[in-house]
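Here are a few short exercises to work through with the model open beside you. Try each one before you read its solution.

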Amino acid sequence: MSEAAAIDRLFHAMCAGGASDLHLCVGSTPIIRKDGRMQPLDAAMPPLVAADLVQLLAPIMSEKNRKEFNERHDTDFAYDIPGLARFRANCFVDRNGPGAVFRVIPSKILTAEQLGLSTHILALCQLTKGLVLVTGPTGSGKSTTLCAMIDYINRSRHEHIITIEDPIEFVHSNQQCLINQREVRTHTDSFRDALRAALREDPDIVLVGELRDLETVAIAIETAETGHLVFGTLHTTTAASTVDRVIDQFPADRQAQIRIMLSESLRGVIAQTLCRKLGGGRIAALEVLISTLAISNLIREGKTFQIPSMMQVGRAVGMVSLNDALLDLVTKKLVAPDEALAKSVDKPGFEALMKRNAPAPAHAGART
């Protein structure tokens with residue numbers, strides 16, 4: 001039995017219980033997140049003490065991560081249990097002592113077909129150049145959607161794909177494509193450095209795990225402009241706010257230029273919101289913005305506040321507002337109406353949409 005077996009048992013238990021995250025903190029029994037809710041992994045387990053945490057974490061941390069943890073009091077890495085899953089880990093120190101959070105990354109990649117991605121989203125995977133952003137809050141399933149899109153490309157095109165991640169989550173094997181996966185701080189110093197280097201590595205498609213800073217965003221847009229397909233993620237909740245976030249990262253004197261560059265390079269935004277499913281589990285509501293000529297003009301002219309209304313008239317080209325995506329999940333009886341309302345950004349608009357789409361009441365005593 002390996003020395004990592006103690007923590008491996010916790011990972012096996014959380015996967016068996018269908019959890020997405022495992023939280024280990026001093027003074028608390030191990031806690032899992034299941035279907036978005038926090039609960040004990042096993043209420044009978046005693047609270048952890050600092051020595052327990054050290055004993056659990058030490059065997060799975062590399063020397064580099066131990067050094068970083070000792071110096072900075074936090075570190076990120078991935079841990080793999082063959083046949084079970086990979087786990088994205090963050091170890092930290094709080095007022096009680098050491099702690100850690102682990103996110104499950106399933107070893108089996110969910111395909112675009114299994115996720116039910118629309119033909120319009122799959123069309124973004126067939127592009128030869130441009131910028132495609134997948135956005136949403138932390139834990140909304142951005143990585144799963146991006147992974148499915150890369151897997152779809154891997155099965156349907158003959159390209160060179162470079163991914164830059166922190167850490168590497170889903171592991172892709174070469175199918176029709178050649179895929180190089182680089183991990184920040186293991187294979188490169190930063191997203192920015194790896195993205196710069198990628199331009200000398202003959203890529204067709206580049207995935208940037210996170211557009212963290214101004215310079216990374218600028219290089220990503222330039223890479224998309226120079227004939228590459230670039231996928232990236234941002235922590236924004238709606239498609240329109242994503243456009244604003246990208247532009248607002250730049251100083252005022254550069255924003256007009258970036259607006260023009262973004263209007264020409266942006267091809268689509270997929271904004272994810274994770275909802276609890278009826279009967280257990282979670283499902284993503286996908287807001288989809290497709291960059292048409294009209295959308296490009298709004299971005300160029302600084303009229304991003306008009307994007308939501310433009311999305312309403314762009315349904316034929318695959319645009320979906322968040323409220324429409326939520327209504328679709330309610331109509332299919334996958335999500336409860338109150339859960340959908342809680343996740344809506346425009347609640348009055350969603351309530352009005354629900355009323356408009358409510359089935360007409362049967363008339364009592366109607367003549368036959």
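**Exercise 1.** In this predicted model, find out how enclosed helix 6 is by counting its buried residues.

*Solution.* Start with the cut-off: a residue is buried when its relative accessible area is under 20%. Of the 15 residues in helix 6, 11 are buried, so the rest of the structure largely encloses this helix. Among them are Lys142, Asp151 and Asn154, along with Leu146, Met149 and Ile150.

**Exercise 2.** Check the length of helix 6 (residues 142-156) against the expected span.

*Solution.* Allow 1.5 Å times one less than the number of residues. For the 15 residues of helix 6 this predicts 21 Å, and the end C-alpha atoms lie 21 Å apart, so the two agree.

**Exercise 3.** Work out how Glu71 and Lys67 are placed in helix 3, and what links their side chains.

*Solution.* First, the spacing: Glu71 and Lys67 are four residues apart in helix 3 (residues 63-72), which means about one helical turn separates them. Next, the contact: their side chains form a salt bridge, with N to O at 2.9 Å. Finally, the surroundings: Glu71 has 53% relative accessibility and is therefore exposed, while Lys67, at 49%, is partly exposed.

**Exercise 4.** Trace the salt bridge of Arg72 into its network.

*Solution.* Begin with the pair: Arg72 and Asp74 meet through their side chains at 3.3 Å, N to O. Arg72 is partly exposed at 47%, and Asp74 is partly exposed at 28%. Now widen the view: salt bridges link Arg72 and Asp74 in a network that also holds Glu68, Asp76, Asp166, Arg185, Glu210 and Arg212.

Key:
Residues numbered from 1 in each chain as written. Predicted model: local features only at pLDDT ≥ 70, side-chain atom pairs only at ≥ 80, totals over all residues. Heavy atoms only, no water. Helix = DSSP H or I, 4+ residues; strand = E, 2+ residues; numbered from the N terminus. Buried < 20%, exposed > 50% of the residue type's maximum accessible area, 1.4 Å probe, protein only. Salt bridge = Lys/Arg side-chain N within 4 Å of Asp/Glu carboxyl O.
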